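Reader: I'd like to go through this one pocket first, then a couple of residues. Can you walk me through it?

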Amino acid sequence: MPKAPLTRTVTGATLLLAAVALLWTLPRTATPGRAADCTGRRIAYWSADSRHTAEFARYGDDNTRVDDWTGGDGTHSVRLPDGRTLWLFSDTFLDRVQAPPNPRGENRRWRSSDTGGTPFLRHNSAVVMSRSGRLERTLTGGAAAAPGPFFPDPPGGGWRWPVRASVEPRRPGSAEKVVRVLLWNRAPGSGPWIFGVPRSTEVATLSLPGLRLEGITRTVAPASAADPGRRVLYGAAAVRDGGWTYVFGSDDPPSSPASSASLARVPAGRLGDPGSWRFWDGAHWQRQAGRARPVLRAGGRRGVGSAFTVVRDGPAWVLITMDTGGDGAAGLRALTSYWSCSPQGPWHGPNGWLTPPRPPAADPQYLAVYNPQAHPEFTAAGELLLSYDINWLGPPGVPADSRLNGDVDLYRPRFLRVRLGPAGP
């Protein structure tokens with residue numbers, strides 16, 4: 001497929017940051033250091049990546065088991081030390097996939113439950129990919145006859161959505177590795193909170209190589225903001241730089257399509273230690289999450305979706321998000337990007353506009369594109385692998401389940417290859 005150039009670019013600029021000497025024993029921040037070569041970046045070209053899209057379709061359609069993944073969203077990944085890849089999903093469908101036609105008479109593969117009623121929908125799952133790139137098994141909780149979420153629901157109700165993950169030493173200096181998974185803890189809600197009220201950020205620990213869930217620790221408490229719409233859940237993106245892991249988060253204002261992005265940092269290897277987290281207040285790193293201030297504030301055409309991704313491209317930082325400032329339904333159709341010379345900003349953009357392909361559907365006007373996520377471990381020939389999720393958001397009051405179960409292609413990740421280039425002239 002020929003690569004498609006982006007449109008609607010803005011002028012890039014060259015920023016010069018002063019070099020600051022640090023003791024070699026201390027973790028370095030991203031702001032100090034040499035950044036004379038830092039220039040604006042954006043997605044310059046893209047093409048569809050059929051290999052990964054087809055592999056998830058193959059695995060989802062395989063009826064060898066009916067207690068494994070057939071669809072999901074919230075697509076994140078982490079490369080394991082033995083070369084496998086762990087894929088993490090939020091809401092997840094299991095059950096059996098049937099050949100067409102579906103109950104509506106359409107030529108679509110569809111999903112049904114062997115136990116009757118509505119097919120299983122769980123709040124999270126994980127899927128293991130082999131070193132060769134073949135999806136092999138699904139990790140869930142509970143028993144095969146009654147599977148549940150891999151990361152169990154919190155006591156008292158609600159659910160956990162996994163976001164970014166990384167491999168870290170079990171303890172600082174330890175040779176033993178574990179997987180740390182950032183989780184969004186959300187409480188049940190209604191009205192503008194039908195997807196859950198933001199409650200807290202947690203970190204789960206998984207053993208290696210067995211991927212057994214060992215425990216879950218709360219790292220950012222819910223009391224950081226009394227107003228649920230201003231609570232920041234961290235883990236939309238996490239980038240290792242020098243001796244730090246920079247963790248990006250977002251708020252979730254119910255009255256606005258755009259969120260503001262905030263920033264925390266943790267010494268490398270200590271994501272699971274709540275006392276090691278620090279939060280950017282616009283000038284300094286603070287211990288109290290409630291003192292954090294956005295590094296990219298929503299307003300006008302600016303802002304991020306509640307789920308976005310951040311990558312490094314040389315000295316530059318690039319944030320890819322839904323185009324929340326788009327006209328009409330563009331915010332659920334198109335992606336855009338920002339760039340900066342440090343995680344704290346200033347962030348420049350939005351730059352460009354990318355409308356990724358959507359699967360064919362009988363009612364395409366209701367198909368939403370969201371949650372762009374980078375998978376740097378699959379970078380090839382200078383091209384970054386980027387996933388995005390597809391959902392059906394029909395007229396108000398019309399539940400999505402029947403459409404998603406009637407066409408399994410509507411709730412599976414799709415993939416692009418993207419190449420970054422200059423943001424200007």
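Author: Sure. A pocket here is an open set of grid points with protein on both sides within 12 Å along at least five of seven lines. Keep in mind that this is a predicted model.

Reader: What volume does the second largest pocket have, then?

Author: With a pocket taken as an open set of points, the second largest one can be given a volume. That volume comes to about 390 Å³.

Reader: Which residues sit closest to the centre of the second largest pocket?

Author: The lining is made up of 20 residues. Elements giving two or more residues to it are β4 (76-79), β14 (159-169), β18 (233-241), β23 (309-313) and β27. Closest to the centre are R164, A165, A238, R240 and P376.

Reader: How many charged residues are in that lining?

Author: Split by class, the lining has eleven nonpolar and four polar residues. The charged ones number five.

Reader: Is T205 buried or exposed?

Author: T205 is part of strand β16 (residues 197-206). Beyond its neighbours within four places in sequence, T205 touches V178, V179, R180, R212, L213, E214 and G215. Its relative accessible area is 13%, and the cut-off is under 20%, so T205 counts as buried.

Reader: And how far is D363 from G394 in space, C-alpha to C-alpha?

Author: D363 sits in the loop between β26 (348-354) and β27 (367-380), and is buried at 12% relative accessible area. Leaving out neighbours within four places in sequence, D363 is in contact with W392 and R403. D363 and G394 are 31 residues apart in sequence, while their C-alpha to C-alpha distance is 8.8 Å.

Notes. Residues are numbered from 1 along each chain as its sequence is written. This is a predicted model: local features need pLDDT of at least 70, side-chain atom pairs count only at pLDDT 80 or more; totals for chains, interfaces and linings use all residues. Side-chain values use heavy atoms; hydrogens and water are left out. Helices (H or I, at least four residues) and strands (E, at least two) are DSSP runs, numbered from the N terminus. Buried means under 20% relative accessible area, exposed over 50%, partly exposed in between (1.4 Å probe, protein chains only). Contact means heavy atoms within 4.5 Å. On a 1 Å grid over the protein atoms alone, a cavity is a set of points where a 1.4 Å probe fits but cannot get out, and a pocket is an open set with protein on both sides within 12 Å along at least five of seven lines; lining residues have an atom within 4 Å of a point. Grid points are joined across faces, edges and corners, and a volume is the space filled by probe spheres set on the points. Ala, Val, Leu, Ile, Met, Phe, Trp, Tyr, Cys and Pro count as nonpolar, Asp, Glu, Lys and Arg as charged, and the others, Gly among them, as polar.
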